[in-house]
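Thanks for passing this one along. Below are a few notes to read beside the coordinates, starting with the domains and ending with a sheet.

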There are 4 protein chains.
Amino acid sequence: MLTQLQEEKVFKDPVHHSIYVQDMTIWKLINTPEFQRLRRIRQLGTSYLTFHGAEHSRFSHSLGVYEITRKIISQFERNGFTDWPQEEKLLSLCAALLHDVGHGPFSHSLEQIFHTDHEQWTCDIILGQTEVNRVLRDVDPQFPDKVASVICKKYEKPIVVSLVSSQMDADRMDYLLRDAYFTGVNYGTFDLDRILRVLRPYKGKIVVKESGMHAVEDYLMSRYQMYWQVYFHPVTRSSEIVLRQILRRASELHKEGYEFGFMLPPIRGLLEGSISLRHYLKLDEAMLQTAFGQWQEEKDELLSDLCGRFLNRQLYKYVQLEQQDSSWLDEIKQEWRQIGLNPDYHMEVDTPMDSPYDVYKPGTLPDGKEKPPILLLDDQEQLTEISVKSDIIQSIAGLQRGKYYIYYPEENVLPHAHKLSSDTRKKLSI
Amino acid sequence: MLTQLQEEKVFKDPVHHSIYVQDMTIWKLINTPEFQRLRRIRQLGTSYLTFHGAEHSRFSHSLGVYEITRKIISQFERNGFTDWPQEEKLLSLCAALLHDVGHGPFSHSLEQIFHTDHEQWTCDIILGQTEVNRVLRDVDPQFPDKVASVICKKYEKPIVVSLVSSQMDADRMDYLLRDAYFTGVNYGTFDLDRILRVLRPYKGKIVVKESGMHAVEDYLMSRYQMYWQVYFHPVTRSSEIVLRQILRRASELHKEGYEFGFMLPPIRGLLEGSISLRHYLKLDEAMLQTAFGQWQEEKDELLSDLCGRFLNRQLYKYVQLEQQDSSWLDEIKQEWRQIGLNPDYHMEVDTPMDSPYDVYKPGTLPDGKEKPPILLLDDQEQLTEISVKSDIIQSIAGLQRGKYYIYYPEENVLPHAHKLSSDTRKKLSI
Amino acid sequence: MLTQLQEEKVFKDPVHHSIYVQDMTIWKLINTPEFQRLRRIRQLGTSYLTFHGAEHSRFSHSLGVYEITRKIISQFERNGFTDWPQEEKLLSLCAALLHDVGHGPFSHSLEQIFHTDHEQWTCDIILGQTEVNRVLRDVDPQFPDKVASVICKKYEKPIVVSLVSSQMDADRMDYLLRDAYFTGVNYGTFDLDRILRVLRPYKGKIVVKESGMHAVEDYLMSRYQMYWQVYFHPVTRSSEIVLRQILRRASELHKEGYEFGFMLPPIRGLLEGSISLRHYLKLDEAMLQTAFGQWQEEKDELLSDLCGRFLNRQLYKYVQLEQQDSSWLDEIKQEWRQIGLNPDYHMEVDTPMDSPYDVYKPGTLPDGKEKPPILLLDDQEQLTEISVKSDIIQSIAGLQRGKYYIYYPEENVLPHAHKLSSDTRKKLSI
Amino acid sequence: MLTQLQEEKVFKDPVHHSIYVQDMTIWKLINTPEFQRLRRIRQLGTSYLTFHGAEHSRFSHSLGVYEITRKIISQFERNGFTDWPQEEKLLSLCAALLHDVGHGPFSHSLEQIFHTDHEQWTCDIILGQTEVNRVLRDVDPQFPDKVASVICKKYEKPIVVSLVSSQMDADRMDYLLRDAYFTGVNYGTFDLDRILRVLRPYKGKIVVKESGMHAVEDYLMSRYQMYWQVYFHPVTRSSEIVLRQILRRASELHKEGYEFGFMLPPIRGLLEGSISLRHYLKLDEAMLQTAFGQWQEEKDELLSDLCGRFLNRQLYKYVQLEQQDSSWLDEIKQEWRQIGLNPDYHMEVDTPMDSPYDVYKPGTLPDGKEKPPILLLDDQEQLTEISVKSDIIQSIAGLQRGKYYIYYPEENVLPHAHKLSSDTRKKLSI
């Protein structure tokens, strides 16, 4: 099923040094317009407004996930582990490469406002009338379905699914390393080589040799640090809030029949909740940014102001609250109106519930969404869930701490500060 | 003149680890829309199509140049060197930060087609009706003029100019390190700390302590490697050719009165050669990419094809030629026409003259454009031009080698290969 | 009190890149025979037998501790923090540089067998008839006493003591980074720059700005990983056991009046428990290794065998035990005798009690040995012990897990395996 | 011939991250006393007195050379290159591992004074009554001879020899990277992965794919920088001079029948020029340092002073001379005698002839000692010597520059400075 390239292709990659492509199908998938489109979508959405180095694209991350998967399988093959189904190599590599192909621009914000689902788009791209689908069908007419079922976690062999989707999958390993590299923080760096060396296929699962326990601890701690230092950074949250408000306002205006000075069909499709695959594939960050640039000149002041804030990085200020204080929140909305602000847009409270996050949690949840636990394999071929043996992981499993923040446009508030209650002024440190 | 920030601001930077802002003017400049706009312009133009990590922006490079300048001055101050004019600190820092503020999207290609000049735009931004100008005027009404004169290399104190513009200036030091980091090649890495330590202000110049000679050799070799491995990479050249052809075709069509399905005022201004500062500041890579995406559906097939090539990375193939062979080049144009191709667009020869480059050349050129040489300061306070003492630098000074390449759309040629002359087929390895 | 060097001296250091010496006293201290002697004593004792890169000396570590201390103080001075007693700079730097000057070869093993105390030797060197003492007295006749009192943690200003000795002192920060660098593991790497930036002198203590909490978490996790992956590595423990047995056997023989084929006065002094300062300063790892090499030819077979084992790295095998099992340990000693082995030398059990270790523990212990806790300073200038705010640190504070291992010479046991009880064979996996 | 280990062994290595041992013979060789002895011999001799991190041993370098050789062969096998004689794998690996096993302490200095030859000792160890020989004979009775012939460059298949000994062999690649890592300079870092990827076995030689030319340039520049910045550093030369003088003085005294207060058989063998293999294997840096420590108390003042200088790092001062000036050198010897110094010991001139060095030189020399040139293999399977195609390499090939330095004990000269001629005072900057 694999058609080897005459000479392997090498991509220079800052994280993995080199990425090796040995199979013709992979090479062709990379060169499809749908995959090249990922170059125009940043891996970390608006995080570049907090960490200026974080400009890297989903294209490079997708190559990285492919490369880690390739290395894992290569280790399995080199050691001749019989629990690894060798015939699933190409399927695994394709699923790894394509797992994020359905992501749109600023995906998480988009999905919140327009209720789209990047995983669904991924399947649509794999199964629809696309170049990706054509390349996959050349392997076998059933091949697109198989690739989609791996990505949707429905494939019959869980070991293949777990390569791309588990507590310690190729996806997470690549993004932790890559995001750390490009942001420049040095928390996300764990010993990838060592982890790759201690993985074992075992009775339909991928498990970890017990001697690798400390390396897994280190990986989980990296995850913890990256979440708090990068992914949940309040400045990034602020930029996401402004972005979501732009999208929300545009949607609202569109519903009201507002006539935009600048509009393009994919954006209209988005606002109407009926975007086609062809248009979705046109939608990239460049298009949204161009729209925001043009909308700066819209007559709707709210939209215009929000777009300028996003492009010029004049974000909302944030203040940490001791705790949720619903009576004060009601009150502040009132005060906001009194000073001419719109509480639906000019403030937002970010609660821990908005960032549910576990460093690691063993056991499955009722909704079945939980990823399977990390298992250690000892010399006696016994499997043990890792937190049983690792005190560190036991300590942090299920740990959850969130902070309450309130976000608002400081420039609009300050001139009216004297009209605010003393309680509000104190809480906002004005 | 410097107004210190209450607490210094720190930007996390992957190359310099941290970038420190201690002065209020610098902080305000960074937050102007004109400077924030640099986030939307890639430092290396189309190089991301060759090195997928090279997505970094001119914003991060500009901060890096500022930081290196800050470190150099800080070293001068710490050592109490009297040849350094202390009162020029803020001016130097502002010039370093703003030296690239006039760059547009895909600057070098744009300038070739539309004859714009980013240095002129930089001065326009500094002197025109902008936020940058307003912040600089707050320092002193004459301050914008001074900053502009440093960037245009006309400032009365050459030592200030040379910080930002010389054979070994903060600009070059940052981009070599930064471009190496983001592309992932490891050629560009020289010992910045050591070089910063051996710089000395001396009689109106910045010179190098003789003990630092080997560090300078290493820096020049990095430059050499980065030029050949990254900046002149033939795939990057190919993408620039496709990009320039898009711009050329659009310009041609516009002159012919062609009605574009998608057009925006800044692009129209560009095509007409009369773009205003306000529109120039709107012009970013997102806007051009959005236009290219829309132009894929133009009825002009040439424009549509070129735009698709650029966005989907279906670039022109390249073949190295032994030497310029003008009679064959005439002949191939003829053959191109016979197989239905347009030799004005479907082929391009890249000659060494198109990439003039010296690793290092001492002495000034007639046009006065040449940057001053690197001088070594020995224990007896004698200055010597570095190639006199360094055999390595003497060997490579003035070295120039170029390669001839021909670029063309392979997919359009292959079906007609049998109609080409045997000479052409051999030269193109068809 | 500080006499600046005309030009600062720079040591190239792989961990800190450069180490800067600006003061004449520091320069002179480095050049004393007592400090140069640290070049002949490895930082990690026998760890090089586990990690072959770990050949680095206490000389380089001592310079590193000096450099970190210098950087901390420099940050305090740059920010003009009034809680830092500026007049204590030279004292702090000298104490940092000299804090380990009393270490002998394979210090920890030596101290266990001969009950010497490196901290006592440090004071003897600082206060005795040495070059170090002479250089310190040149500053001020009382200066040696002050330096010694800082190192013995008795100096009147605790802030000075805490620079060199606390839960997060310059000593620990350097050794974690240095040991990680030279062993090649990448667990010990935390963000030193960031930690240095968030330290503050505050009311006689050194505290951490709250925004630096995550950086401290990362530092403590590095510590945890280094302990389990490097410092307590069972192969290193095995080499220490063999080393201690050599020393114990030599001591025993000496007491019995045994005539050694090779002996030198410092070693004799050690065996007799009455070594003079002059002889102690002669005692380095080279001398011990030379003795072991010569003792390979001693007629006492036990000593000869142990010396060969140490030099040729034929260490004792280790087997992890589920738990302490004293009845079996009594039994195995009996079995050992039956197969001609000496249970006093040919086996050793390593229990968790031998490696007491806390990642971090707030609060002082009854014996007063405990180092003060890490305190966070928030925006309201409130101090909070870090584990109150950090869930991660709360989870791991006080965590203690040890493993039981039994060590023995496998080669001597295997030929007699059939004579051992089945219980013993099973436990030893023979 | 290869007996695979049940599970591959992994050494943690700071330079190569991991070193993999898959074959039983290699594992056994590493565990011989003769190979373990390399742990007690520093890779860079006295360089640790200049770069304090340079404490790394020939043991770690030997493992590194083995690992690079293993990687090269593994690449050849993975690509199925038929020009690589697969049956020579174990031979190549053993030769790589053992190529330096005959090195003694401070090898280069020792060889200069006592005219021993480490390559000869290597063969003696491989062919003599040693554990190494026993392990090799277990493979095949002729195997030791084959390994020795590879190391002596007489093996019938030059491709095997060139792996370990050529202009770009595994030996040089490891030591450049390793010495750069441990000294902390960042000149020695070239792209090993890339070089390993472009090597090809071709008609009995190892050649470089033309696309790898720039990587080779970078490697040669690293070599150039390491020579001038590290290997020929004047402080290291000074320490070697003091070391050689110790050995020369001891030899002289021994010839005169001087009775040493401390002597050991291997050192006596060395001084008498008749050291046996058994004694040579006992001779390590620890033994020499111990001797020097004891000799500090010898009644011969010259010997005692030199030993103290070496151990306490009170080296000779150096002054660069414009050029060799033989009449002045005659004169200064006279002056030295007048102030009571011994010109045979208290001064030494280091001339460029003492450090013959080429960055790279194509073509063989009359004595046949020259290593074969680096050949590029182009797409047409033509071989070209690299300096023909690389301007940079052409420029530096054969480049040779040396500096004259005079070394002398400054402390002994300064008190008598007024008695020296003005010419001498000027030249020595006194």
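**Notes on chains A and D**

1. Let me begin with the domain layout. Chain A is divided into two parts: domain 1, covering 4-231 + 383-396, and domain 2, covering 233-315. Please keep in mind as you read that this is a predicted model.

2. How far apart are the centres of the two domains of chain A? Taken over C-alpha atoms, the centre of domain 1 of chain A and that of domain 2 of chain A are separated by 30 Å. The two do touch: 22 residues of domain 1 of chain A are in contact with 21 residues of domain 2 of chain A.

3. It is worth looking at which helices build the domain 1 side of this contact. In chain A, α5 (107-114), α6 (118-127) and α12 (213-231) each supply at least two residues of the side of domain 1 that touches domain 2. The largest share there comes from α5(A), with 5 residues. By residue type, this side of domain 1 of chain A divides into 9 nonpolar, 8 polar and 5 charged residues.

4. Now for chain A as a whole. Its secondary structure comprises 22 helices and 9 strands. The C-alpha trace of chain A spans about 75 × 50 × 40 Å along its principal axes. A compact globule of 430 residues would have a radius of gyration near 22 Å, so the 24 Å of chain A agrees with that expectation.

5. Burial and contact range complete the picture of this chain. Of the 430 residues of chain A, 51% count as buried. Among contacts in chain A with a separation of 6 or more, 67% are between residues 24 or more positions apart.

6. Turning to chain D, I would point you to a sheet. Here 3 strands form an open sheet in the order β5-β9-β6 (chain D), with antiparallel pairing. Its edge strands are β5 (317-321) and β6 (348-350) of chain D, each of which pairs on one side only. Neighbouring strands of this sheet are turned by 25° against each other on average, direction ignored.

7. The pairing can be followed residue by residue. β6(D) and strand β9 (residues 404-408) of chain D pair in the antiparallel sense over 3 bridges. Which residue of β9(D) is the bridge partner of D:E348? That partner is D:Y407.

8. Finally, a helix joins this sheet. Helix α13 (residues 234-255) of chain D packs on the sheet, where α13(D) touches β5, β6 and β9 of chain D. The direction of α13(D) makes about 50° with that of β9(D).

Conventions:
Residues are numbered from 1 along each chain as its sequence is written. Chains are lettered from A and ligands numbered from 1 in the order in which they are written. This is a predicted model: local features need pLDDT of at least 70, side-chain atom pairs count only at pLDDT 80 or more; totals for chains, interfaces and linings use all residues. Helices (H or I, at least four residues) and strands (E, at least two) are DSSP runs, numbered from the N terminus. The radius of gyration is taken over C-alpha atoms; the globule rule is 2.2 Å times the number of residues to the power 0.38. A residue is buried if 20 or more other C-beta atoms lie within 10 Å of its own, exposed if 12 or fewer, and partly exposed in between; C-beta atoms are placed from the backbone. Two residues are in contact if their C-beta atoms, placed from the backbone, lie within 7 Å. Domain bounds come from an automatic or database domain assignment. Ala, Val, Leu, Ile, Met, Phe, Trp, Tyr, Cys and Pro count as nonpolar, Asp, Glu, Lys and Arg as charged, and the others, Gly among them, as polar. Two strands pair if DSSP finds at least two bridges between them. Axes are lines fitted to C-alpha atoms, for helices over the stretch in contact, and angles run from 0 to 180 degrees between N-to-C directions.
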